[in-house]
Amino acid sequence: MGFSEKIRSGKFVITAEISPPKGTDTEMMLKDASFIKDVVDAVNITDNQRAVMRMSPLVACCILGQEGYETIMHLTCRDRNRLALQSELLGACALGINNILVMSGDHPAKGDHEGAKPVYDMDSVQLLGLIQKLNRGYDFSGNRLESRTDLCAGAVANMETNELALIKLKKKIKMGARFIQTQAVFDAGSFSMFVAEISDIGFRRSRIIAGIIPLKSEKSARFLNKNIAGIKIPEDIIHKMQTARNPKVAGMEIAAGLIEELRDMCGGIHIMPIGNHENTKAILEMAGII
Amino acid sequence: MIISRQKKFREILRNLKEQNIFIIGCGKCATRLHVGGEPEVLEMEKGLKRAGKTIAGWTVLSSACSIPSWKEVLSQNPAIRESDALLVMSCGTGVAAISRFADIVYPALDTESLGGFSSDEIMEEQCNMCGECTVWMYGGICPIAQCAKGLLNGPCGGAVEGKCELDERPCAWDAIYEKLKKLGKLEYLEIIHEPRNHAKKLRGK
Ligand code: SF4
Ligand code: SF4
């Protein structure tokens, strides 16, 4: 059963994130993927994440697809206008890449090409609406396509339960987001509040995929807290990292513990190790989900 | 009001190959912002002289962007004809207006955005001149101009402690939310906005 059928039928999904290479050699990317080959339902491929230029996610998804992986292609609004977005989506579909995760994308000034023109011709709500149109067989301007797409689009959310963030999330759901992937969760309590809020606006909790970042050190925890929007690591977790004899193992244990706690509150989990997937399988085993 | 700032003096000097220069200031925005009024023009004259240039003369036009008659400007400033080049201390539109009549024109300012001046405070980047104003839906705070990504349907989620992910400025969407809340018009936030029609603002029409 593929990722989109699992989402549709409410089966628990496991996904994991990989960055395309910053270069032409895909060996490292394939090695990273090989760690999780039979463990995850789909591999997310980031799109110039944090506005740092890398290989096209479309191409990376295609290469991984040839190796038998199911992928979820990230698509940001930062780098492409409405024509380029549509071309990319038609191309993805023709290559059998049907899962798309839509987001605005970090501002170029945050990345390694500070002076790049920020495009943002569409925002994530509008892009989701566009995908619905393509799925019905029409382009943005209403011209009929020679053949329609069959895209399963999802969106991202921070676990903020403030009114403004929820209104935007509601719009994403209205415009056809089939799944919602959250920013990394470190506190099951606030996650359950978030799930309750979005269930209230009519979104099935089985379609919420909880983000997990295995921590590596106290320092990296503090860095995430300070610099990444939507991540809030509670002091007791930071303390655990600080006092651990082996921080790496402690980070894995914390991640596994969170997965166990979140398991019944959502429809899946998404692992984002910064760097590689060496330990992903072990974490999932510790959590008892594989 | 058009917001502009002065170029670095050495940058102006680097471009300015000609010897005999006439300086033109602007009596409107550039004067207000203290980047192209009389004191700044005199300062520029001093600087250029120190750098070895000859100054044919100077003037501050009442507004550089709307010149009713170039003939009149010339009759009041005959030294323009003797100069090798004009250095214009106004926004880009002023430079463009003057360039229609004069041959060699250099800008002394960098034009940044469309802003305003309200109770002694300079307001930068208030409007992007999109060609179809919908700012009422956002409580008068334009997300096209004031959100770093120009997002129309709500915030990107990148703000950290209320600050835009781009830099120190506050997230525009927080301000929009607060304003609409105050006005009792939070329902405006529920409107799903289509992507902008950029054809409304054609270049080079
Ligand atoms: S919507 Fe914004 S950019 Fe467009 S005209 Fe109004 S204020 Fe200017
Ligand atoms: S943080 Fe706020 S102002 Fe900055 S880009 Fe995001 S939504 Fe726009």
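Over all chains of this predicted model, the count of disulfides, taken as pairs of cysteine sulfur atoms within 2.5 Å, comes to zero. A disulfide is a covalent bond between the sulfur atoms of two cysteines. Two cysteines of chain A show why no such bond is counted for them: the sulfur of C93(A) is too far from its closest cysteine sulfur, in C152(A), and the sulfur of C266(A) is likewise too far from its closest one, also in C152(A). The table gives these distances beside the relative accessible areas, where buried means under 20%, exposed over 50% and partly exposed in between (1.4 Å probe, protein chains only).

| Cysteine | Closest cysteine sulfur | Distance | Relative accessible area |
|---|---|---|---|
| C93(A) | C152(A) | 11 Å | 18%, buried |
| C266(A) | C152(A) | 16 Å | 8%, buried |

Because this is a predicted model, local features need pLDDT of at least 70 and side-chain atom pairs count only at pLDDT 80 or more, while totals for chains, interfaces and linings use all residues. Residues are numbered from 1 along each chain as its sequence is written, chains are lettered from A and ligands numbered from 1 in the order in which they are written, and side-chain values use heavy atoms, with hydrogens and water left out.

Between the two chains, 26 residues of chain A are in contact (heavy atoms within 4.5 Å) with 27 residues of chain B. Of the area that chain A buries against chain B (accessible area lost on being put together, 1.4 Å probe, summed over both parts for the total), Q126(A), L164(A) and K171(A) supply 26%, more than any other three residues. The total buried between chain A and chain B is about 2300 Å², and carbon and sulfur atoms give 58% of that area. One salt bridge is counted between these chains (a side-chain nitrogen of Lys or Arg within 4 Å of a carboxyl oxygen of Asp or Glu), and K170(A) and E190(B) meet in a salt bridge through their side chains, at 3.6 Å from N to O.

Turning to the ligands, the residues around ligand 1 (a heavy atom within 4 Å) include C127(B), C130(B), C133(B) and C142(B). Those around ligand 2 include C147(B), C156(B), C164(B) and C171(B).

Key:
Buried area = accessible area lost by both parts, 1.4 Å probe.
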